[in-house]
Amino acid sequence: GKTGIIPQLVSLVDPSLDQTILVNSLRSIANLCFDCDENRKLVLEAEGHVTVCRTLSHFLEKTNGEKENSNLIRVFAGTILNISTENGELPRVFLTECSHVDEMS
């Protein structure tokens, strides 16, 4: 986290990029946040929660829940879980951000 990689990874959570890049970026963020409050805080500071919610919303709208994207949805879910685990405030922040995605787009 201290190397500055988290903002770079957050910038790669972009629906216009190749899906392989997106999946690997989400997994990297999830792994960095697993059992690490400091990295969770850095993701929040990099607006990672907003970026993840916006990108997830984009894919949900684009795919209408098509089965071929179920793996990607699981990766999003795992990332959100690892970012928000062990932090009482973050689950509420995610719910707030994800519920306002359409308003922010």
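**Exercise 1.** In this predicted model, find out how many residues the largest nonpolar core has and which of them have the most contacts inside it.

*Solution.* Start with the count: the largest nonpolar core holds 18 residues. Next, pick out the ones with the most contacts inside it, which are Leu22, Leu26, Ile29, Leu72 and Phe76. Then see where the core's members come from: α1, α2, α4 (48-63) and α5 (70-84) each chip in at least two residues. Now zoom in on Leu72. Skip its neighbours within four places in sequence, and Leu72 is in contact with Gln19, Leu22, Val23, Leu26 and Phe59.

**Exercise 2.** Work out whether Thr79 is buried or exposed, and what its side chain reaches.

*Solution.* First, place Thr79: it sits in helix α5. Its relative accessible area is 0%, and buried means under 20%, so Thr79 is buried. Then follow the side chain of Thr79, which gets to the backbone oxygen of Leu26 at 3.1 Å. Finally, list who Thr79 touches once residues up to four places away in sequence are set aside: Leu26, Arg27, Ile29, Ala30 and Val52.

**Exercise 3.** Classify Asn31 and Leu12 by accessibility, and say which surface patch Leu12 helps make.

*Solution.* Take Asn31, in helix α2. At 59% relative accessibility, over the 50% cut-off, Asn31 is exposed. While you're there, check its C-alpha against that of Gly78: they're 9.4 Å from each other, though 47 residues apart along the chain. Now for Leu12, in the loop between α1 (5-11) and α2 (19-33). Its relative accessible area is 32%, so Leu12 is partly exposed. Together with Leu17 and Ile21, Leu12 makes a nonpolar surface patch of about 200 Å².

Technical notes: Residues are numbered from 1 along each chain as its sequence is written. This is a predicted model: local features need pLDDT of at least 70, side-chain atom pairs count only at pLDDT 80 or more; totals for chains, interfaces and linings use all residues. Side-chain values use heavy atoms; hydrogens and water are left out. Patches are made of residues with over 30% relative accessible area and no salt bridge: like charges are joined within 9 Å, nonpolar side chains (Val, Leu, Ile, Met, Phe, Trp, Tyr) within 5 Å. Accessible areas come from the Shrake-Rupley method with a 1.4 Å probe; for residues, only the protein chains shown count as cover. A salt bridge is a side-chain nitrogen of Lys or Arg within 4 Å of a carboxyl oxygen of Asp or Glu. Helices (H or I, at least four residues) and strands (E, at least two) are DSSP runs, numbered from the N terminus. Buried means under 20% relative accessible area, exposed over 50%, partly exposed in between (1.4 Å probe, protein chains only). A nonpolar core is a set of buried Ala, Val, Leu, Ile, Met, Phe, Trp, Tyr and Cys residues joined through side-chain atoms within 4.5 Å. Contact means heavy atoms within 4.5 Å. A polar contact is a pair of N or O atoms within 3.5 Å; within protein, one must be able to donate a hydrogen and the other to accept it, and residues adjacent in sequence count only if both atoms are side-chain atoms.
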